[in-house]
Amino acid sequence: MEQLKIHNSLKPGLPVPFEPKVEGKVSWYACGPTVYDHSHLGHARNYVSTDIIRRILRDYFSYEVKFVMNITDVDDKIIVKARRQRLLDEEKARKLSESDLMDLAAKAFQTYAEEYLPELLKAGELNPSNYVERRDAAYGKVLAGGSLTGEKPGDVEAKMKMHLANLTAASTAMQENKVFGGADEVLSSYLDSLRKGSIDGHDHTIFTDVTKYWEDQFMEDMDALNVLRPDVITRVTAYVPQIADFVQKIVQKGFAYESEGSVYFDIAAFEKAGNTYARLRPESRNDKALQEEGEGSLSKNVGGKRAAGDFALWKKSKAGEPAWPSPWGDGRPGWHIECSVMASDVLGSEMDIHSGGIDLIFPHHDNELAQSEAYFCDHSGPHNWVKYFLHIGHLSISGLKMSKSLKNFQTIRDALKDYTPRGMRVVFLMGKWNDGVEISADMRTMAEVWESTVNNFFITVKSLIAEAGGPADALKSLTLNSTTGGVFAARVEKAQSEMKLALSDSFDTPRAMRAIAELIKDANIHIGMQKSDLDIKGLEDAARWVTKMVGIFGLDSNASPPYDGLGWVNVSNSNLTPQEAVAPYATVYQFLKREVQRLALHSKSLDQLLAADVDSEFSSLESAGTKDPEALAMPYLRVVSRMRDELRKIAPASSSKEEILALSDQIRDNDLTNLGVYLDDRSDGQSALIKFIPKAELLAQKEEKAAKEREKAAQKEQARLDRQKAELEKAEKAKINPLDMFRNDNWSDWDADGIPTKTKAGEDVSKNLRKKLTKDFEKQKKTYEEWKAKNA
């Protein structure tokens, strides 16, 4: 049996054997979202890829997974967002006069530019009337996709674009006298600088009202993407007392110190005790920009640290920040300590897996490791808090990482207007979970082709099974473990073996997706080559195995383990009785039967089909407890399809040929299409294959076909008109006397035949030009003589 190996950020290089603490069980903590804005495609990449790995561990490798995820609802970004929103709401409630509001907006506009885009102020005071000119002069290169330095644009340019967008919106709003709404970002920033101290930090609802709303939005987005809910969700606001206790123990052990009401982790003391700091990314330990980002925007330029790299475990709350009591006075948790406390509370002193986005490696995850290992270590040596660290690769567009703080993102909700949840998941499955993914048109096309291939395979195999089976056992449930030794069985086993190798190699989903696609390719070749001598059982086993795998990958939101069906789960209207479910199909059957009788059509096969007791076949299925509407409809559809096949055979010799063929087309292209049924006509005397395809898809194909026919007809008509126009122009040209054809302002002298001898400027016509003009003259002379003779 192939051993599962995974990429472990704690041990860079090749995948390492996966050996959880307790055999058969996996404890897993995933860093969840900081909830203060819309979730974007970058979040989708992270949480969908995490969900895929979780499902593979649970449903493919049969691990019992305990999955814990946190919600960060205390954070500098949240504080700023909530505080500014409260101050903006208060300002709106003041009902300022129009002139006072414009004065306030003007000050905010100027102040925002001073703080974030000082180049705009070099020519003097900034206002909406001179803003655009200065913006284009100072930052035109950035807006055009370049950088001020000439190097490749990055986060610096993204921030500039964000601030420019805010000022542009404010400029437009002020000129249109619509400050509230258009200038909110600029105005709220200014109000925060003036009045943040007025916010009561002990009233936590100011902040939690914001986070609860955005948490709900996030969860709805994850549900839409078919991401499994965590087994346990933790929130920082519910853990503040435990966080203070956790920090106090680290202080007591000598690995942290208090300074000016805040508590900082002492990296030097930690390393002196024999521990290792920055285990994940040691090369970043002195990266000042990353350190500052990890401390948060509200903690810049704070004093009291013993070393620049020391990081906050507990922050003294300043005016306008949420506050909780602690041994060091009112304060709030640092960012990194939150996860250490919550993960340890639920999973204990050691967990199997910790995961998050690759951007969290340093400082967040390195600091988590340090403070947790400081908390749990004893005199026997360093402590291992995490066995396997998994980091999901970035998703980027045009080379830039998506970021809520930079506002350069597409929300999940907007993305789902272009993608289906399944289509988006297929895109992520086609890339390795720990590699970066660049959204591109080519990748989307590849995903659409893969999904379409699987869809068509399911439809075809179900149709072949229904065709091969009798009316009473259509789509009968068979197990994947049954073996009949069919010719296709070996190919299915090969695909299963390839899948095992792929998923055991650190969840190599691109290779897994190829294994599925190649199996389907071989199945289609088998179907095309064998025709009437198909290994139906082998094809069914293949389709059921593919169904199981797409279920494990989370591609069927309506399916649930053990995924032992065939094809995408059909969610029928549970309120319909079996009779109500099949009524539309029975109606088509009755209509076709009446039309055949009206036309007095007969053949041995047709008479047998007309005499068939279809209602009895349906009743047998109903009595057997069949719930699948497709299976219930098959008795009617099978007879309709066979009657149509027979009608097409007798049509050529019938006096009602045109009416019969029109009826055949109506049944296939209208009646059954509107029910989501397609009759796939086959050659070599084979009957049409009954395929269930979503009605919307069939109608779209029908419209696409009609559009192409309309376009073809329009092109044909345009060609006719062009020919007609050319003929008319030719006829009009034929009426021109060759003696007069060159007598115009382009020439100044002519010979006896009217051929030019001098140009407009009075210069002699060149020999070559004279030769060409004479040739044109002779041609027109011939045409003119023919026209005269024809119209004499």
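1. Let us start inside a sheet: Ser355 stands opposite Leu390 in β11. Ser355 belongs to the pairing of strand β10 (residues 351-357) with β11, which run parallel and are joined by six bridges. Two strands count as paired here if DSSP finds at least two bridges between them. Strands (E, at least two residues) and helices (H or I, at least four residues) are DSSP runs, numbered from the N terminus.

2. A word on the model before going on. This is a predicted model, in which local features need pLDDT of at least 70 and side-chain atom pairs count only at pLDDT 80 or more, while totals for chains, interfaces and linings use all residues. Residues are numbered from 1 along each chain as its sequence is written, and side-chain values use heavy atoms, with hydrogens and water left out.

3. Now widen the view to the sheet that holds β10 and β11. Five strands form this open sheet, in the order β5-β4-β3-β10-β11, with parallel pairing. At its edges are β5 (232-235) and β11 (386-392), each of which pairs on one side only. On average, neighbouring strands of this sheet are turned by 20° against each other, direction ignored. Angles of this kind are taken between N-to-C directions and run from 0 to 180 degrees; axes are lines fitted to C-alpha atoms, for helices over the stretch in contact.

4. Strand β3 (residues 25-30) deserves a look of its own. Five of its six residues are buried, so β3 is largely enclosed by the rest of the structure. Buried means under 20% relative accessible area, exposed means over 50%, and partly exposed lies in between (1.4 Å probe, protein chains only). β3 runs parallel to strand β4 (residues 64-71), and six bridges join the two. For Trp28, the bridge partner in β4 is Phe67.

5. There is also an antiparallel sheet to find. Four strands make up this open sheet, in the order β6-β7-β8-β9. Its edge strands, β6 (256-259) and β9 (331-333), each pair on one side only. Here the average turn between neighbouring strands is 25°, direction ignored. Within this sheet, strand β7 (residues 262-265) pairs with strand β8 (residues 312-316) in the antiparallel sense over two bridges, and Tyr264 stands opposite Ala312 in β8.

6. Next come the helices, beginning with α23 (residues 629-650) and α24 (residues 657-671). They pack at an angle of about 150°, with their axes 9 Å apart. α23 and α24 are therefore roughly antiparallel to each other; angles over 145 degrees count as roughly antiparallel, under 35 as roughly parallel, 65 to 115 as roughly perpendicular and the rest as oblique. The crossing of α23 past α24 is left-handed, meaning that the near helix is turned anticlockwise from the far one by less than a right angle; clockwise would be right-handed.

7. Which residues of α23 and α24 make the contact? From α23 come Val640, Arg644, Leu647 and Arg648, and from α24 come Ile660, Leu663, Ser664, Ile667 and Arg668. Contact means heavy atoms within 4.5 Å. By class, the contact has five nonpolar, one polar and three charged residues. Ala, Val, Leu, Ile, Met, Phe, Trp, Tyr, Cys and Pro count as nonpolar, Asp, Glu, Lys and Arg as charged, and the others, Gly among them, as polar.

8. Helix α23 has another partner, α21 (604-611). The angle between α21 and α23 is about 155°, and their axes lie 9 Å apart. The two helices are therefore roughly antiparallel, and their crossing is left-handed. Ser605, Leu606, Leu609 and Leu610 of α21 meet Val639, Arg642, Met643, Glu646, Leu647 and Ile650 of α23. These residues divide into seven nonpolar, one polar and two charged. Leu647 of α23 takes part in this contact and also in the contact with α24.

9. Finally, some backbone details to check by eye. Most residues other than glycine have a negative phi, and most peptide bonds are trans. The peptide bond from Phe362 to Pro363 is cis, with omega near 10°, and Pro363 lies in helix α13 (residues 361-376). Pro561 and Pro562 are likewise joined by a cis peptide bond, with omega about 10°; Pro562 is in the loop between α19 (536-552) and α20 (578-598).

10. Two residues have a positive phi without being glycine. Asn177 has a phi of about 60° and is placed in the loop between α5 (155-175) and α6 (179-182). At 38% relative accessibility, Asn177 counts as partly exposed. Ala600 has a phi of about 55° and is found in the loop between α20 and α21.
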